[in-house]
Amino acid sequence: MFVIIIIAAVIAVMARLAVTQNATNSMAIQQARAYQAARAGLEYGIARILADATCADFTLDGFAVLMSCTSSSTPVLEEEGKTSATLFYTIEATATFATPASPDYAYRKLTAVVEKP
């Protein structure tokens with residue numbers, strides 16, 4: 001009887017470890033997908049800024065990608081006392097999947113700075 005109880009306890013512990021490991025692997029995959037969605041958002045934002053367009057939010061394979069593009073100018077002194085302004089754009093891409101209370105929630109935020117003469 002004692003051996004049966006020990007074997008049952010070991011099986012229960014092994015089952016619990018298998019479930020935990022599966023959930024950990026699933027979350028790692030979701031986080032990697034969120035990173036790639038945010039990176040795609042950065043590339044999209046850079047392409048839109050360089051094409052003189054505005055960046056806009058979009059969805060990608062279930063991920064909501066929120067875009068934020070802000071500009072700032074810096075005066076640059078050139079030859080013979082002339083000045084010109086160089087524009088810098090800060091692009092933020094935030095990729096989210098599900099809601100924060102959900103067990104499948106994944107979130108990544110990436111930022112890039114682009115110089116546009």
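Asp 61 is exposed in this predicted model, with a relative accessible area of 59%. Its side chain takes part in a salt bridge with Arg 33, where the closest N and O atoms are 2.6 Å apart. Arg 33 lies in helix α1, which spans residues 2-50, while Asp 61 sits in the loop between β1 (58-60) and β2 (63-77), so the salt bridge ties together parts of the chain that are 28 residues apart in sequence. Arg 33 is partly exposed, at a relative accessible area of 31%.

The structure holds 4 salt bridges in total. Side chains of opposite charge can pair when their charged atoms come close. Three of the pairs, including the one just described, are set out below.

| Pair | N to O distance |
|---|---|
| Arg 33 and Asp 61 | 2.6 Å |
| Lys 116 and Asp 52 | 2.1 Å |
| Lys 109 and Glu 92 | 3.6 Å |

The side chains of Lys 116 and Asp 52 meet at 2.1 Å, N to O. This pair links distant parts of the chain: Lys 116 belongs to strand β4 (residues 106-116), and Asp 52 to the loop between α1 and β1, 64 residues apart. Lys 116 counts as buried, because its relative accessibility is 14% and the limit for that class is under 20%. Asp 52, in contrast, counts as exposed, at 64% relative accessibility.

Strand β4 also contributes Lys 109, which forms a salt bridge with Glu 92 in strand β3 (residues 83-97). The closest N and O atoms of Lys 109 and Glu 92 are 3.6 Å apart, and the two residues are 17 residues apart, in distant parts of the chain. Both ends of this pair are partly exposed: Lys 109 has a relative accessible area of 44%, and Glu 92 has a relative accessibility of 26%.

Helix α1, which holds Arg 33, also includes Phe 2. Phe 2 is exposed, with a relative accessible area of 63%. Phe 2 is one of the residues of a nonpolar surface patch, together with Val 3, Ile 6, Ile 7, Val 10, Ile 11 and Met 14. The accessible area of the patch comes to about 720 Å².

Technical notes
Residues are numbered from 1 along each chain as its sequence is written. This is a predicted model: local features need pLDDT of at least 70, side-chain atom pairs count only at pLDDT 80 or more; totals for chains, interfaces and linings use all residues. Side-chain values use heavy atoms; hydrogens and water are left out. Helices (H or I, at least four residues) and strands (E, at least two) are DSSP runs, numbered from the N terminus. Buried means under 20% relative accessible area, exposed over 50%, partly exposed in between (1.4 Å probe, protein chains only). Patches are made of residues with over 30% relative accessible area and no salt bridge: like charges are joined within 9 Å, nonpolar side chains (Val, Leu, Ile, Met, Phe, Trp, Tyr) within 5 Å. Accessible areas come from the Shrake-Rupley method with a 1.4 Å probe; for residues, only the protein chains shown count as cover.
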